[in-house]
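User: I've got this structure open and would like to talk through some of its contacts. Can you take my questions one by one?

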Amino acid sequence: MPELPEVEVVRAGLAPALTGARVLAAEVRDARALKRHLPLSGDDGLGGHGVTMPAEAAAERAADFERRVTGLVFDAPQRRGKFMWLPVAGAASATAADSPAPGVAAEWALLAHLGMSGQLLLRDTAAEDDRHVRIRLWVEHPTHGELRVDFADQRLFGSLALDRLAPTSDDGSLLPLQAARIARDPLDPRFDDAAFLAGVRSRASGIKKLILDQALVSGVGNIYADEALWRARLHPDTAGRAISARKVSELLGALRDVFAQALAEGGTSFDEQYVNVNGQAGYFAHSLNAYGRGGEACPRCATAIKRVPFGGRSSHYCPRCQRRR
DNA sequence: ACTGAAGCCTGGTTGC
DNA sequence: TGCAACCAGGCTTCAG
């Protein structure tokens, strides 16, 4: 499942091939992979969620995306939490013969969220189809030539979109509107440790719920939440306001450690749900101490790891190392 | 202001 | 064997 390390591996993998690349053509095979994409004109009346898309609206959304993405030239891929995007390069491209529709200029980006099972794959133009390819782009890079970018997504929780960029409030860097409320991640040099500490210690919610809140700290999903809590010896239900400042700092350090280690190992691959841009799995699954190890011995104290329901999914923790307060 | 649940999805697994 | 129910989980929306 793509969390920060997985998304970052994909972002870094796309960078050499797509920075400066130009979109030759686009094919939307399944408009459900455009949930976050809002057509410029002809309001289809959908917020993108909760309503089954009528066939007409789906076709219009697909056509709008294909038309507007064709001809775009990308700058280097960026990431905020689990969102990543390719900024559209400056106005130079907009004057070409096959220029994009008016309104698609430097302040736009091709936004991607991988959801649960999304993959961005770089393929040779002649390569066979991977499974579950929902959207395909043909691009041309000045030095690498032509290649395909395939967005594959089994469960369709992810999506691509053209989204507008706007300056952030802190340093004025550009963020897609849909990622505007996402906090920085713990590996970001500009991450605000003090704000995180204050945020955690002012809330009554359980600490696991808090670190899954992307507005407080981004990039954390179920796997790394369980791993960081295990490392910091915190019970997932411990109220934020009951945790000492020192312990919150320790947890932040644990998040940084687990992210950095997972990044170094190419991410965590479970059930072939996550692969890099070449379709290869990561190795961090072998390094997990708690997640997915219900019933197994805690690597620290040998007590059986507990698995309990948590908001429609599961929490894994050691009942001895991670005592409830 | 906060919490919990529903809804979006498919494919592998489990149960009958 | 065949089919239904269930589970995985990020994010948004809505009801309480």
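Analyst: Sure. A residue is near a molecule or strand if one of its heavy atoms lies within 4 Å of it. Keep in mind that this is a predicted model.

User: Which residues come nearest to DNA strand C?

Analyst: There are 16 residues around DNA strand C. From that set, the ones that come nearest are His113, Arg155, Tyr291, Arg307 and Arg313.

User: How much of what the protein meets on DNA strand C is sugar and phosphate?

Analyst: Take the atoms of DNA strand C that come within 4 Å of the protein. Sugar and phosphate make up 65% of them.

User: Which side chain has an N or O atom 3.4 Å from a base nitrogen of DNA strand C?

Analyst: Let's sort the contacts by what they touch. His113 has a side-chain N or O atom 2.5 Å from a phosphate oxygen of DNA strand C, and Ser314 has one 3.3 Å from a phosphate oxygen. The base nitrogen, at 3.4 Å, is partnered by the side chain of Arg155.

User: How many residues of the surface near DNA strand C are charged?

Analyst: That surface has 4 nonpolar residues and 6 polar ones. The charged residues there number 6.

User: Over to the helices. Are helix 3 and helix 6 parallel, perpendicular or oblique?

Analyst: Helix 3 covers residues 193-201 and helix 6 covers residues 245-264, and their axes are 10 Å apart. They pack at an angle of about 120°. Perpendicular would need 65 to 115 degrees and antiparallel over 145, so helix 3 is, relative to helix 6, oblique.

User: Which residues of helix 6 meet helix 3?

Analyst: From helix 3, the partners are Asp193, Phe196, Leu197, Val200 and Arg201. The residues in this contact divide into 6 nonpolar, 1 polar and 3 charged. On the helix 6 side, they are Ala245, Val248, Ser249, Leu252 and Arg256.

User: What is the handedness of the crossing between helix 1 and helix 6?

Analyst: Helix 1, residues 4-18, has an axis that comes within 9 Å of the axis of helix 6, and the two cross at roughly 40°. Helix 1 and helix 6 are therefore oblique to each other. As for handedness, the crossing is right-handed.

User: And how many residues in the contact of helix 1 with helix 6 are nonpolar?

Analyst: Helix 1 brings Leu4, Pro5, Glu8 and Val9, while helix 6 brings Phe259, Ala262 and Leu263. No polar residue takes part, and 1 is charged. The nonpolar count is 6.

Conventions
Residues numbered from 1 in each chain as written. Chains lettered and ligands numbered in written order. Predicted model: local features only at pLDDT ≥ 70, side-chain atom pairs only at ≥ 80, totals over all residues. Heavy atoms only, no water. Axes fitted to C-alpha atoms, helices over the stretch in contact; angles between N-to-C directions. Helix = DSSP H or I, 4+ residues; strand = E, 2+ residues; numbered from the N terminus. Parallel < 35°, antiparallel > 145°, perpendicular 65-115°, else oblique. Contact = heavy atoms within 4.5 Å. Nonpolar A, V, L, I, M, F, W, Y, C, P; charged D, E, K, R; others polar. Left-handed = near helix turned anticlockwise from the far one by under 90°. Polar contact = N/O pair within 3.5 Å; in protein donor to acceptor, adjacent residues only side chain to side chain.
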